Amino acid sequence: MIKRLLTLGVLWALCSPCWAVPPWEATVQLQSGAATNELIFGQWPMADPSLENVAAVPAMLKGALQSCFMRKKHALWRDIRALATPSPLEWIVNVEHEERLTQPLILRWQLTHVPEQVTLKLVTPQTSIPFVVMAGTSQQFELKKNMTFKIIAEIKE
């Protein structure tokens with residue numbers, strides 16, 4: 001992963017002087033009991049515009065806990081990167097689960113590769129007010145049948 005980020009940083013320096021921040025990525029891990037799922041999102045200058053202006057990896061929707069990013073035309077992704085776009089960037093996360101899962105849903109954040117110019121916020125199903133996500137933090141929610149979260153990245157130039 002470090003090699004990939006270094007390569008992205010070199011590409012950014014060579015080909016994209018208009019970017020406010022270098023390429024970045026963040027990870028959110030979703031967990032209910034022993035069932036886990038991980039989603040990666042961020043910004044990347046070499047993203048493929050034919051994939052709705054993103055570089056994306058399709059979601060593998062198997063297992064007791066299933067999560068994915070929802071995009072236009074019902075495309076489902078587990079790793080999604082936006083091109084350089086105006087702030088804020090938004091990603092919609094859809095979570096589904098098997099009925100046997102009864103433990104709370106826990107979101108854990110890994111923000112090691114997020115520059116200080118990027119502020120990440122989460123909008124939960126319980127409230128429409130975004131709150132700031134900090135590195136190493138986690139949030140716990142009651143697991144409901146179908147859940148949708150919104151992740152917002154605000155980028156300071």
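Reader: How do the residues of the lining of the largest cavity divide into nonpolar, polar and charged?

Author: In this predicted model, the lining of the largest cavity consists of V28, L30, V93, L107, W109, L122, F149 and I151. Valine, leucine, tryptophan, phenylalanine and isoleucine count as nonpolar, so the division of the lining is 8 nonpolar, no polar and no charged.

Reader: What volume does the largest cavity have, and how many cavities of 30 Å³ or more does the structure hold?

Author: The search for cavities of 30 Å³ or more returns 1 in the structure. For the largest cavity, lined by residues including V28 and F149, the computed volume is about 40 Å³.

Reader: Which strands each supply at least two residues of the lining of the largest cavity?

Author: Among the lining residues are V28 and L30, L107 and W109, and F149 and I151. V28 and L30 fall within the range 24-32 of strand 1, and L107 and W109 within the range 105-110 of strand 7, while F149 and I151 fall within residues 146-155, the range of strand 11. The strands that each supply at least two lining residues are therefore strand 1, strand 7 and strand 11.

Reader: Is W109 buried or exposed, and what is its relative accessible area?

Author: W109 lies in strand 7 and is one of the residues that line the largest cavity. Its contacts, not counting residues up to four places away in sequence, include T27, V28, F41, L122, V133, M134 and I151. Because buried means under 20% relative accessible area, W109 counts as buried, with a value of 4%.

Reader: Which residue in strand 11 is the bridge partner of V93?

Author: Strand 6 and strand 11 pair in the antiparallel sense over 8 bridges, and V93 falls within residues 89-97, the range of strand 6. V93 also lines the largest cavity, and its bridge partner is another of the lining residues. That partner in strand 11 is F149.

Reader: Which residue in strand 6 stands opposite L65?

Author: Strand 4, which spans residues 65-70, pairs with strand 6 in the antiparallel sense over 6 bridges. Within this pairing, the residue of strand 6 that stands opposite L65 is H97.

Reader: How far apart along the chain are E90 and K150, which form a salt bridge?

Author: The closest N and O atoms of E90 and K150 are 3.5 Å apart, and because a salt bridge requires such atoms within 4 Å, the pair qualifies. Both residues count as partly exposed, E90 at 39% relative accessibility and K150 at 28%. The pair links distant parts of the chain, with E90 in strand 6 and K150 in strand 11, and the separation is 60 residues.

Reader: Is K121, which meets E154 in a salt bridge, buried or exposed?

Author: The side chains of K121 and E154 meet at 3.2 Å, N to O, and this pair links strand 8 with strand 11 across 33 residues. E154 counts as partly exposed at 31% relative accessibility. K121 has a relative accessible area of 19%, and because the cut-off lies at 20%, K121 counts as buried.

Reader: What is the N to O distance in the salt bridge of E98 and R100?

Author: A search of the whole structure finds 3 salt bridges, and one of them joins the side chains of E98 and R100. E98 counts as partly exposed at 33% relative accessibility, whereas R100 counts as exposed at 62%. The N to O distance of this pair is 2.7 Å.

Note on methods:
Residues are numbered from 1 along each chain as its sequence is written. This is a predicted model: local features need pLDDT of at least 70, side-chain atom pairs count only at pLDDT 80 or more; totals for chains, interfaces and linings use all residues. Side-chain values use heavy atoms; hydrogens and water are left out. Helices (H or I, at least four residues) and strands (E, at least two) are DSSP runs, numbered from the N terminus. Buried means under 20% relative accessible area, exposed over 50%, partly exposed in between (1.4 Å probe, protein chains only). On a 1 Å grid over the protein atoms alone, a cavity is a set of points where a 1.4 Å probe fits but cannot get out, and a pocket is an open set with protein on both sides within 12 Å along at least five of seven lines; lining residues have an atom within 4 Å of a point. Grid points are joined across faces, edges and corners, and a volume is the space filled by probe spheres set on the points. Contact means heavy atoms within 4.5 Å. Two strands pair if DSSP finds at least two bridges between them.
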